[in-house]
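Please look through the sequence and the three-dimensional structure shown here before reading on. The report that follows takes up the cysteines and then a group of paired strands.

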Amino acid sequence: MNPFYLLVSAALFALGAYGVLARRSAILVFMSVELMLNAAGLALVAFARAWGSLEAQAVVLLLIALAAAEVAVGLALVVAIYRTRETTLVDDLSELKG
Amino acid sequence: MRRDQAKAYAEEKGIPIREEHGMLHLVLPLSEFKIHMRAFKEMGFNYLADVIGVDYLDYPEGTSWQHPERFAVIYELVSMPGFRDGDGSRIYPRVYVPEKKPRLASVTDLWPSANFPEREVYDLFGLAFEGHPDLRRILLPEDAEGHPLRKDHPLGETPTLFNDGRYIDPASFRAGLRGKDKGLTGWRGGRRKGERR
Amino acid sequence: MIGALFVTAVKALVLILALLFAFAYITWIMRRGLARFQVRLGPNRVGPFGLLQPIADAVKAIFKEDITVAQADRLLYWLAPLLAFTFALAAFAVIPVGPDGWVVANLDMGVLYVFAASELAIYGVFLAGWASGSKYPLMGGLRSIAALVGYELALGMAILPVVLMAGTLNLQEIVEWQKQHGYFIVYQLPAFLIYFIASLAEMSRTPFDFAEAEQELVAGFHTEYSSTKFVAFYIAELLHWIVGSALIATLFLGGWDAPFGLPEIPVLWLFVKWALFIFLVLWIWASWFRTRYDQMIRFAWGVLLPAATVWFLITAYYVVKGGMA
Amino acid sequence: MSLVDLFLGALLLLTGFLAVRLKNAVHAALALAANFILVGVVYFLLEARFLGWIQIIVYAGAIMVLFVFVIMLLYAARAEVGADPLPGLKPLAAAVGVVGFLALAYAFAGVKAPLAAKAASAALSGGTAEALGPVIWQTWLYAVLLVAALLLVATVAAVTILRPGEGGRR
Amino acid sequence: MIPEPKELRTEEMLLNMGPQHPSTHGVLRLVVKLAGEEVLDVVPHIGYLHTGFEKTMENRTYHQNITYTPRMDYLHSFAHDLAYALSVEKLLGAEVPERARVIRVILNELSRIASHLIFVATGLLDLGALTPFFYAFREREAILDLFEWVSGQRFHHNYIRIGGLREDLPEEFVPELKKFLDTFDHRVDDYQGLFVGSPIFEGRARGVGVISAEDAIAYGLTGGSLRASGVNYDVRKAYPYCDYETYDFEVPLGERGDTWDRMVVRLEEMRQSARIIRQGLERLEPGPIRDPNPHFSFPPRELLATSMEAVIYHFKLATEGFEVPPGEVYVPTESARGELGYYIVADGGSMPYRVKVRAPSFFNLQALPVAARGQFFQDLVAILASLDPVMGDVDR
Amino acid sequence: MSVMALAKALGITLRHFFSKPVTIPYPDAPVPLKPRFHGRHVLTRHPDTGLEKCIGCSLCAAACPAYAIYVEPAENDPENPVSIGERYAKVYEINMLRCIFCGNCEEACPTGAIVMGYEFELADYRYADFVYTKKDLLVDTVGSKPQRREAKEKKKPVKLGFEVPYVRPELEGVKYE
């Protein structure tokens, strides 16, 4: 077992979490989410390496496909919002909250 | 023919007419000029071919043409053949613009194609078109001084230089050809600044 | 280990030199070839038949003043040509030029490697567009990404039937398969056509060269580049052409395999097939127009991708039913 | 844990840090792209070679390109300008990050690998496409189908959201 | 007007095209307002090539001015010579002999072909096709060679004289012209094969930059661009000059007024021009080439040695030029770009009092914003090229 | 059929690929000029007597729309005439920077003295070098100023960059090597 990459992935996840909270631009928040997803993938692959589990790797493959779908919709939303509101700052979109 | 129609209209309204070289010139009064132009447009002159500015400052006296004011703006109206019921009639209404108050109404609302040529007349003659959507200089730089096609605007030709300081000054050379001036005379000084050999 | 590394390094060096030489002369071929299509002579002043022209061009380009636009993003402005150049060069590493050993890196997933390299090379293009701090390059950069979104899927979909039939992602093995069974252009003609069209876009050649459309964008993404940085882009751009042609020859025309039972000479046969595609691209360049980028995307998504998918399904059915594998 | 691992780990953290800290969105996106490529390299080292390529192609080649495209399209590179309406959020975010890291690290520390490295490596057989294929198409078949359907829906959704001629010029 | 930055949406971008830009056909500056790649508005800024020809011509004799006219529209330069000469001849009441009229028609049509060749060449180049450019220049070179045979000049011929032509055609001209005509039809077929029907060209040009007939009239379009919108207006048919009414030719018309029509109409016009030239060749009978009126025509060179009167006329014409009776005249002609005419105000002197050139490109350029709004930026250059502006003609 | 049109375009370009290029490699190969070409002016001489035809009447200067010609006449010495008439051109200069090669001077010349020749390689460096004097224009001189300077430096005859099918009769006495 090589816990090193697990630690790295934990750190990356933490960085992503920080980014999601601290960033103000919708695109950058979104990028931080991607960073977190990647950290999860890294952890899974590290586990797979330790367990000798190809299934875990397959899950990462699905994860990547999911990420692609998510990004397509997410970025489309960002562009659509930008078109109507002309901003990418999350805080300016607060009226969406209700 | 719309041309005859326009002629009849002019006679009815008392607009002076002049026919020459097969062209029908109509001298519209400045005050009611736009009204008449609109009438022409409604008559079917759907195409404005040109807007021509002329400065009659030193137009010689004694010819059969009389020019009451210094500037004239000549419009060329066509009933476009090949489009709807156009018959190819051409008329040349003109309006004289006094030097003291060089402004007249724009016809861009009747013929959008007057946009550029009116700007050109404004640029080169300094006649302001009231109601023009975008009256700026068009051919000259925005910061140019004067209106070059006015007759009192200097031509600004540069002399042609030859060896040993000989030169031809175009304006006086031209004058010399016509016996108005002594022609080939003047300065015969050294070389141009910075010239070697 | 060290020995193998050394061999690889030497191979890579030789390949890089060969590619740079090929680049230099492809500019000559390009200009002479285009000129012949256009009933003129092309460069003929420097050396016999203008053969020294590339060298003269290089010398001239390098000694030009290196300009950086004041608005530019310095780091990326400098990085972009480097990225474009590196990834364009890297893609050739897995293309076999001869039987065993005549390849720099015999990766078991070489197709994926080529794919990754060609995608990453786009970074150089649009970073250049963005970092120049000028509007024309920005539009060129945006167009290049738009094009990427268009062709990349069709490109991948068109390779899949080949991979499926050969049962491997290794380029060397794909060539070996073709040596045994015959060339893929015979089995996979639709895939070949789709792949060829998509790779025209990938090489950004006519009719899909709108990212650097000279007429409206002046020179697209590299408008603001001069001197060596410009040369890097120029090399990268032509390397795409070189690599793209070599790849299509490898995938569909049997690569280094000698056709018609002719004697097998490494490099030579790949070179011949490669030259064929170089000429084909040149020919199309001389004959056709530039599409509009939205039309290209519509074409890629509306025609190429569905066609590639259908063909992939047909091939899959065939392979599963126990055809060749 | 070799030197290579250390080096890669350090680079990963650095690029990740840059990705969440850089002011310029294009720079941040590039840092993130570098991070993704490095993750792909780590996948190679962890005997997941097919995944490594896919990671590079999809994440670095497609997803990040889309990000950069959108940033450039919206001229949103200098996004975070002006006064921060919630200035207190940054330390809080940092705190959440640190706590999250510690919790995860604690959880991971308790994990014990059941297999020896050699055996695990043999089971993975390099994580090539051949090895991965049966798993995907047998164990995870329904998941794959679900993801495929999701991808299709996502494509349709993205196109619908940006459909021209609705509520605007385009 | 360029909008103030405040009015700008962030998504919009102001792009300054020119005055030095590969596809502005000279020194034209376009300020383009873009949303992404969509053109919201175009504002042409002209005048970078303004040379003040009109002012200069007021200070040269009628004879000397012939050297200035072709320099405006340097592509269809013969049209300007001809339009100017026709106006002055009308003022003078000069009689142009039959042979001179036929030669004028032949050369005018040749020049028109040369101009349309440039149009096709640069228009297709703006669509990204490199090769037609060189093919068209090859044919144009042949035409320029023909002009060189006739006048010794390739662009600025100075071949037309008030009342006729400078000198007769050289012997070699007619065979050379026939040789050219024999190959020319195949060459036009080649151009046609290179773009008409090609799906890429269809995609780039069909329905792009549409100008309706109403808009075309309103914004002052003439020439091929107007005919592409379906308006059958060709000055050669509507107000015939130089006996154009006796030549048998068709006026190609478009239907939709898009880039495609504007391109193809000009292509067809080249064929019709070749047809006119063939008819002209048949009519080419030996005869005088100049109105012998000594008032404005140089006397024959042989007479200088024998006749004192001829010498006096010669000296007077060379130094002072000839006097033109006062009057104002305008003769419309059809240049490759549209209706071209010289409005000349004569005051009885030997120099025109005022010359106004009705330059077709100047008016055609006004329609650019109309055609380009809502189109893609990539199409803007194609639309501009299809309107065929020549900046020398625009700026004068 | 649209694909056929694309193929047709390919066919047309391929046909041209195998046709002869039309390029004239100009500095190596001479440019074929037509007899009426308007090149650098030539001041001709009377073929029998060898006297200059120019009588200094300045008609060319007057006809020139660019004011590029300067003529200063002087009385001929009856013993040793320079020209055929009473007067001759003491100074005859053309400023080639101003000249637009229209040929009006040729048309205006009553004696056929000034004729447009064929030389067109006039590019030079200094303003003064563009003023062509009688010495540079007279019929015995071959080549433009820069050409002759280069020939002098290289000690070779002047290399002319053109060829004409025949020389116009007006240019009597002109010899091109």
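## Cysteines

Over all chains, the count of disulfides comes to 0, where a disulfide is taken as a pair of cysteine sulfur atoms within 2.5 Å. The cysteine sulfur closest to that of F:C57 belongs to F:C109 and lies 6.0 Å away, which is too far for a bond. F:C105 is likewise in no disulfide, since the nearest cysteine sulfur, in F:C102, is 6.2 Å away.

F:C57 counts as partly exposed at 25% relative accessibility, whereas F:C105 is buried, with a relative accessible area of 6%. Here buried means under 20% relative accessible area, exposed means over 50%, and partly exposed lies in between, with a 1.4 Å probe and protein chains only.

## About the model

This is a predicted model, in which local features need pLDDT of at least 70 and side-chain atom pairs count only at pLDDT 80 or more, while totals for chains, interfaces and linings use all residues. Residues are numbered from 1 along each chain as its sequence is written, chains are lettered from A and ligands numbered from 1 in the order in which they are written, and side-chain values use heavy atoms, leaving out hydrogens and water.

## Strand β4 and its partners

Strand β4 of chain F covers residues 87-95, and 7 of its 9 residues are buried, so the strand is largely enclosed by the rest of the structure. Strands are DSSP runs (E, at least two residues) numbered from the N terminus, and two of them pair if DSSP finds at least two bridges between them.

Strand β3 of chain F (residues 69-75) runs antiparallel to β4(F) and is joined to it by 7 bridges; one of the bridge partnerships links F:I69 with F:I94 in β4(F). Strand β6 of chain F (residues 131-132) also runs antiparallel to β4(F), with 2 bridges between them, and F:V131 in β6(F) stands opposite F:N95.

Definitions and conventions: Helices (H or I, at least four residues) and strands (E, at least two) are DSSP runs, numbered from the N terminus.
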